Structure formats: C-alpha cells, structure tokens
Amino acid sequence: MYTITLLPGDGIGPEVVAEAVKVLISVSNRFGVKFTMNEHLIGGAAYDATGHPLPQETKDACLQCDAVLLGAVGGPKWDNLPVELRPERGALLPLRKLLEVYANLRPAVVFKALTAASTLKPEVVSGLDVMVVRELTGGLYFGDKKREEIPGGYRVVETLVYTTEEIERVSRRAFELARQRSKKLTSVDKANVLESSRLWREVVTSLAAEYPDVELSHMLVDNCAMQLVRNPLQFDVLLTENLFGDILSDQAAQLTGSIGMLPSASLGGGVGLYEPSHGSAPDIAGQGKANPIATIMSVAMMLRYTFGLAEAAVAVEAAVVRALEEGYRTPDIMEEGKKLLSTREMGDIIVRYTENH
Ligand code: NAD
C-alpha cells in the first residue's frame with residue numbers, strides 16, 4: 001500500500017489533479033495496488049484558508065507519505081502579498097527544501113501524433129525523447145544575496161554555492177537514469193569561466209569510472225542551448241546545475257509544442273514530488289479547457305520512480321499515446337479534423353485505455 005499526498009492548489013491545479021486521481025484508481029483496479037490518497041491545502045487556497053501558503057499540516061502530511069502529487073499554485077489574486085507569503089515563493093521553494101528533492105527530472109518527449117505541434121521542423125524533432133536532470137536545491141537560487149546602496153545606484157551580490165557532495169548525489173541519479181535509457185549522458189556547465197563549473201566537471205568525470213557502460217560527454221551551456229534547437233536528437237540525458245537547468249529544461253520542453261503535456265519528478269529525500277511543469281493557468285481555470293496529460297504523465301513517473309511499478313507506468317503512458325493517436329485533443333493541442341475534449345473527457349478516455357489495454 002502506498003500513501004499519496006494530493007496538493008491540488010490553485011487555478012487549473014484541482015482540475016488536472018482530479019483526472020490524475022482517476023488514473024491512479026484505474027491503475028489500482030488493473031494492477032491490484034492499493035493507494036491511500038489524502039488531500040491538503042497549498043498555495044493561494046492555503047493562504048485564504050489558513051493565512052499561509054504552506055501550512056504546517058500540509059508539511060506534516062508531505063513528510064509522512066510516500067509521494068506528493070502537486071497541481072499548481074499562484075494567480076493574480078495573491079500577486080500583491082509580501083514575497084514570503086506568495087504561493088510560489090512561500091510554498092514551492094520551501095516544499096522542495098523540506099523534502100530535500102535535489103534532482104529534478106523533466107522529460108521532453110515529442111509524441112508522434114503531435115509532431116506538428118512543435119515550432120521546429122518535423123525532421124528536427126521527430127522522435128525526440130530527452131530527459132533533463134536539474135540540480136534543484138543548491139547553486140545561485142539558494143546562496144546568500146545582498147543589495148547595497150552605492151553612489152549612483154546599487155551593488156548586488158548573489159552567491160553560487162556547491163559542494164562536492166551536492167554535485168555527486170545529483171550526478172549519480174543522472175548516471176543511473178542514463179543506464180536505464182540509451183546510456184548517453186551529457187553534463188552541461190560553463191567550465192571555461194566558472195569555478196563552480198570546473199568543480200562540477202571534475203566530480204562528474206570522477207564518477208564516470210563507476211559507470212563504464214554510460215557514455216559521458218561535457219558541453220558548455222551556451223553551446224547546449226544552441227544544439228537543443230539545432231539538433232536535439234543528439235541528446236538523451238542532460239545533467240546540469242540549478243540555474244542552467246531552469247533555462248534548458250524550459251527550452252527542451254518548448255520543443256514539444258505544449259506545456260500542457262510536460263510532467264516532472266523531483267527526487268532526493270525519501271518522498272518524491274511529482275507535478276506538471278505548467279503553472280495554474282488562471283486564464284483558463286474553471287472552464288474545462290486544461291490539458292490533464294502533464295499531470296497524468298507525472299503520475300506515470302511516480303509509479304516508475306517512487307513505487308517501482310514500471311509495468312503500470314508503461315500502461316498509463318501507452319493509454320496517453322493511444323488517446324492522442326486516436327485523435328483526441330484538449331484545446332491547447334487541437335488541430336483540424338481532431339476530436340476536441342474537455343479536461344474531464346480526456347481523463348475519462350485515458351482511464352478507459354489504462355484499464356482496458
Ligand atoms: P502557466 O503555465 O500557468 O500558463 C502559461 C500558458 O499556458 C497560459 O496561456 C495557460 O493557459 C497555458 N497552460 C498552462 N498549463 C496548461 C494546461 N495544462 N493545459 C492547457 N493550457 C495550459 O504560466 P503563467 O501564466 O506564467 O503563470 C500563471 C500562474 O501560475 C502564476 O501565478 C505563476 O506564478 C504560477 N506558476 C506556478 C507554477 C507551479 O505551481 N509549479 C509554475 C509556473 C507558474
């Protein structure tokens with residue numbers, strides 16, 4: 001039996017999480033696995049109810065379960081709150097720290113049925129399947145920062161901190177993932193300029209001896225940004241630090257065409273955090289227009305990485321592929337001649353195909 005904490009959050013979060021829950025129930029029916037799911041507040045919804053975007057009760061529930069499924073947080077209603085109470089800063093970063101999820105996995109997959117949705121030419125992206133592994137709890141985002149007044153303006157200092165151990169643990173995850181995929185790992189840094197990148201490269205290189213079956217290469221981040229749009233098919237697993245990973249994972253994601261399709265997993269401590277890569281999409285919230293596939297694919301990642309249920313993960317992924325191949329679409333991925341579905345209808349089709357393969 002596995003315990004899952006559900007954090008639907010704001011905007012379209014509750015709509016897409018509801019569909020993912022239906023898929024988990026269908027996995028339970030087909031594979032006989034038992035899931036206990038408990039819902040808790042996060043983000044603007046939590047602020048409205050309790051005065052804080054990440055209440056203690058939610059933190060406790062996240063620490064006591066096997067995996068967390070998060071929808072999305074934020075929206076215009078909470079944009080003017082003090083920064084520490086805003087849903088993103090007050091809930092997302094502290095939740096990642098709390099769970100010590102130092103490795104963020106973001107796959108960018110171009111489904112055959114959706115090749116035309118990419119802004120790049122079909123021959124450049126057809127068959128794309130890249131996994132970006134981003135270090136999530138160190139680097140520039142967590143280092144000391146200060147701003148001081150100087151004559152004529154300000155002087156700011158941001159600190160980029162990494163230790164050997166921090167680099168090593170996320171790199172191991174990336175090597176292990178590469179091992180399960182096509183055994184190709186590209187580590188991305190800026191070793192020609194940054195001392196942190198030189199240490200990054202040394203640590204990754206020293207680990208390579210333990211994974212002789214994985215082909216390791218290094219690439220400078222500026223070149224990687226260029227190669228991702230020039231020839232993305234050359235990549236399998238991309239490993240990089242926090243800031244570079246933030247940018248490159250969005251860039252890789254965009255190659256696939258729709259943000260509504262992109263899942264993510266954040267791993268490290270005992271509890272995995274799974275969430276779609278998109279935000280709360282206030283512009284379409286409550287209208288049944290949200291694509292639930294990113295959240296459903298996040299559930300597939302949960303089944304694979306936290307529960308070790310690879311067969312169930314494959315069943316969910318296959319159900320998504322089948323729904324797309326049969327022409328079912330939510331508005332964000334709609335093309336002429338296809339069948340337009342609401343959030344709930346898309347969830348229903350994927351549930352049906354997960355149960356009856
Ligand atoms: P967003 O991802 O919410 O939306 C960007 C665009 O993509 C919008 O046009 C939206 O309608 C569309 N979109 C997003 N998800 C979709 C889906 N599943 N199906 C169909 N279309 C989808 O980003 P934004 O507009 O920059 O941010 C909106 C709010 O979400 C802000 O408050 C932001 O801070 C927050 N946000 C939260 C997270 C998170 O919770 N992890 C991440 C990013 C942004």
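In this predicted model, helix α7 gives the most to the lining of the largest cavity, with 3 residues. That lining consists of Tyr162, Val188, Asp189, Ser196, Ser197, Trp200 and Glu241. Two elements each give two or more residues to this wall, namely strand β8, which spans 184-189, and helix α7, which spans 195-207. By class, the lining of the largest cavity divides into 3 nonpolar, 2 polar and 2 charged residues.

The volume of the largest cavity is about 40 Å³. With the threshold set at 30 Å³ or more, the count comes to 1 cavity. As for the principle behind such a search, rolling a probe the size of a water molecule over the atoms shows where empty space is left.

Attention now turns to the ligand. The shell around the ligand has 20 residues, of which Val73, Glu88, Gly279, Ala281 and Asn291 come nearest. Sorted by class, this shell has 9 nonpolar, 7 polar and 4 charged residues.

Several polar contacts of the ligand can be followed atom by atom. Val73, one of the nearest residues, has a polar backbone atom 2.9 Å from an oxygen atom of the ligand. Ala281 likewise engages through its backbone, where a polar atom is 2.8 Å from a ligand oxygen. For Asp283, the side chain is involved: one of its N or O atoms is 2.9 Å from an oxygen atom of the ligand. In terms of area, the ligand taken alone exposes 800 Å², and the protein buries 68% of that.

Conventions:
Residues are numbered from 1 along each chain as its sequence is written. This is a predicted model: local features need pLDDT of at least 70, side-chain atom pairs count only at pLDDT 80 or more; totals for chains, interfaces and linings use all residues. Side-chain values use heavy atoms; hydrogens and water are left out. On a 1 Å grid over the protein atoms alone, a cavity is a set of points where a 1.4 Å probe fits but cannot get out, and a pocket is an open set with protein on both sides within 12 Å along at least five of seven lines; lining residues have an atom within 4 Å of a point. Grid points are joined across faces, edges and corners, and a volume is the space filled by probe spheres set on the points. Helices (H or I, at least four residues) and strands (E, at least two) are DSSP runs, numbered from the N terminus. Ala, Val, Leu, Ile, Met, Phe, Trp, Tyr, Cys and Pro count as nonpolar, Asp, Glu, Lys and Arg as charged, and the others, Gly among them, as polar. A residue is near a molecule or strand if one of its heavy atoms lies within 4 Å of it. A polar contact is a pair of N or O atoms within 3.5 Å; within protein, one must be able to donate a hydrogen and the other to accept it, and residues adjacent in sequence count only if both atoms are side-chain atoms. Accessible areas come from the Shrake-Rupley method with a 1.4 Å probe; for residues, only the protein chains shown count as cover.
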